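This report describes one protein model, from its overall form to its pockets and a few single residues.

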Amino acid sequence: MDLNVLIVGGGIHGVGILHDLASRRIGGVHLAERERLASGTSSRTTKLMHGGLRYLAHLSQWGLVRDALRERALLLKNLPEVVRPIPFVLPVFRSGRPSWMIRLGLRLYESLATTADDLPRARRLGPHELGELAPYLHSHVLQHEISTAFLFYEAQMQDDVIVRLAARAAARLGATYAEETFVDRVECDGQGFRVRLVDAQGVNEVTCRVLVNAAGAWCNANLLRWGFLPQVTCLLNVGSHLVLSPSAIPANPDHCAAAALQHEDGRLVFFIPWAGRWLLGTTESQLEGTPEKWTHPPGDREYLLNIAKQYLALVHPGEQVIEAFCGIRTIPIVRRSGRASSRVTSGSWTQAPFSSPFYVRKWNHETASLSRKAVIDEYPGHRLVSIYGGKFTTYRALSETVGDRIAQWLGQGGECGTKARQAWFLDDLQPAEAHLFRSQAELRQGRISDWNSGRVIRQPSFVNRGIASSD
């Protein structure tokens, strides 16, 4: 199989680029995912399609917020089946920022949404409305800690569903993808790359003109194994979530708004009605060990439960956690230049990539202030692209940027077509493949493969009681 483009990684960025290239009618585009589509961080998000209200505290991130709000509006329009508005309560705590600052921040947030999204504008809530929208707030908190509150709107999504729908849409446009397929070896030749793929049926040798490394936390591990010295050093940051039973709160989740809770350490933690249950998250912890384990760091569960107990009127809080999952954020820290032609000479890094200097193992600064803007890294002399970081919300725009570059390299392909609803084929997919529209809980709790051999090594050790096969 001779390809124009091989994409490694079946998360939202890999699948987004697959969809983008297919929408340009570029032929010979294939994606390889070593497990299942969205089996990593792309199924372990906070389930929000949002601009990032908290990023407004950092002027350097306003551009990211603007881009994310523009993409949120587009996806609300194109994917109403899986991206829907959700009301949010933002309490103003007496010990926190004053109400005028919160109001100003919400106005700025809405002004950055340059594309109309038809969401209601933010407004102040009266005590009665606050009690109706957020009946889960502890009475003591309502009476003594909250001075007022605002209502604003975000969007809630089914993250793994979007990944699968984008992959199926790409396939309808002529692209191909393979799950449970391991990229065993990559070698450079004069025209591009020779790649060995391994799956249950055996070994398949392919060539490609362009190679896209969209493997998230494994990006630098892949580069080292393929013989390239990474040009971007990254931090692996863990966001943990707890799913609480509907009975945790004496209220119907479907009738409530979400809430953004300001913890004493300055972080915002979300309490969100989700799929008839309650979702609490997220944390900002550093990964200990390697990404294969997918376990939340020590203390994350207690951190989230302490916030819940402080603010929420929980019923038997210790018995309400029915699921826990975490996603690993890849945050680019340092970008080097002038090393593009360097090759790996030390075998130790290829065998233990997460111990290499290309992964920051200890970060003594605040991680919440680090930019979530993606870095698209290229190797001059090689048509090799690696994707670092980024927000789920901005995946389509990032994919378009990468698609523009690849189309230029190949000298073929039209404009990106993923802005149009027609490029998703939802009217055809919904009756024909209804299962694609159901979120799959097992993806968040699924198997993990060894990065070097593709071998399944363990099940993640999560709280895992009473989980259904789909949400």
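Helices and strands are named here from DSSP runs, numbered from the N terminus, with at least four residues for a helix and at least two for a strand. The model is predicted.

**Overall form**

On that count the protein has 12 helices and 21 strands. Its radius of gyration is 22 Å, close to the 23 Å that the globule rule gives for 471 residues, so the protein is as compact as a globular protein of that length. The C-alpha trace spans about 70 × 45 × 40 Å along the principal axes. Buried residues make up 57% of the 471. Among contacts with a separation of 6 or more, 78% are between residues 24 or more positions apart.

**Pockets**

The largest pocket holds about 730 Å³ of space. It is lined by 27 residues, and the closest to its centre are Arg54, Ala57, Arg97, Gln262 and Leu268. Two or more lining residues come from each of β4 (83-93), α3 (99-111) and β12 (258-262). The largest share belongs to α3, with 5 residues. By class, this lining has 15 nonpolar, 6 polar and 6 charged residues.

About 400 Å³ of space lies in the second largest pocket. Its lining has 22 residues, of which Arg84, Gln156, Pro273, Trp274 and Ala275 are the closest to the centre. The elements that supply two or more residues here are β4, β6 (146-157), α6 (159-172) and β13 (268-274). Which element gives the largest share of this lining? Strand β4 does, with 4 residues. Strand β4 thus appears among the elements listed for the largest pocket and among those listed for the second largest. The lining of the second largest pocket divides into 11 nonpolar, 4 polar and 7 charged residues.

The table sets out the two pockets by the class of their lining residues.

| Pocket | Nonpolar | Polar | Charged |
|---|---|---|---|
| Largest pocket | 15 residues | 6 residues | 6 residues |
| Second largest pocket | 11 residues | 4 residues | 7 residues |

**Helix α7**

Is helix α7 enclosed or exposed? A residue counts as buried when its relative accessible area is under 20%. In α7 (residues 219-226), 8 of the 8 residues are buried, so the helix is largely enclosed by the rest of the structure. The buried residues are Cys219, Asn220, Ala221, Asn222, Leu223, Leu224, Arg225 and Trp226. An α-helix has 3.6 residues a turn, so residues three or four places apart point the same way. In α7, burial is found at every one of the 8 positions. Glycine 227, just after α7, takes a positive phi of about 100°.

**Buried residues with polar side-chain contacts**

Histidine 30 is placed in strand β2 (residues 29-32). With a relative accessible area of 7%, histidine 30 is buried. Its side chain is joined to that of threonine 176 by a polar contact of 2.7 Å.

Arginine 444 belongs to helix α12 (residues 441-444). Is arginine 444 buried or exposed? Its relative accessibility is 1%, so arginine 444 counts as buried. The side chain of arginine 444 makes a polar contact of 2.8 Å with the side chain of glutamate 323.

**Backbone features in loops**

Two residues other than glycine have a positive phi and lie in loops on either side of β2 in the sequence. Arginine 25, in the loop between α1 (12-23) and β2, has a phi of about 65°. At 60% relative accessibility, arginine 25 counts as exposed. Alanine 38 sits in the loop between β2 and β3 (48-49), and its phi is near 65°. Alanine 38 is buried, with a relative accessible area of 1%.

Where in the chain does threonine 282 lie? Threonine 282 is in the loop between β14 (277-281) and β15 (285-286). The peptide bond that leads from glycine 281 to threonine 282 is cis, with omega near 15°.

How values were computed: Residues are numbered from 1 along each chain as its sequence is written. This is a predicted model: local features need pLDDT of at least 70, side-chain atom pairs count only at pLDDT 80 or more; totals for chains, interfaces and linings use all residues. Side-chain values use heavy atoms; hydrogens and water are left out. On a 1 Å grid over the protein atoms alone, a cavity is a set of points where a 1.4 Å probe fits but cannot get out, and a pocket is an open set with protein on both sides within 12 Å along at least five of seven lines; lining residues have an atom within 4 Å of a point. Grid points are joined across faces, edges and corners, and a volume is the space filled by probe spheres set on the points. Ala, Val, Leu, Ile, Met, Phe, Trp, Tyr, Cys and Pro count as nonpolar, Asp, Glu, Lys and Arg as charged, and the others, Gly among them, as polar. Buried means under 20% relative accessible area, exposed over 50%, partly exposed in between (1.4 Å probe, protein chains only). A polar contact is a pair of N or O atoms within 3.5 Å; within protein, one must be able to donate a hydrogen and the other to accept it, and residues adjacent in sequence count only if both atoms are side-chain atoms. The radius of gyration is taken over C-alpha atoms; the globule rule is 2.2 Å times the number of residues to the power 0.38. Contact means heavy atoms within 4.5 Å.
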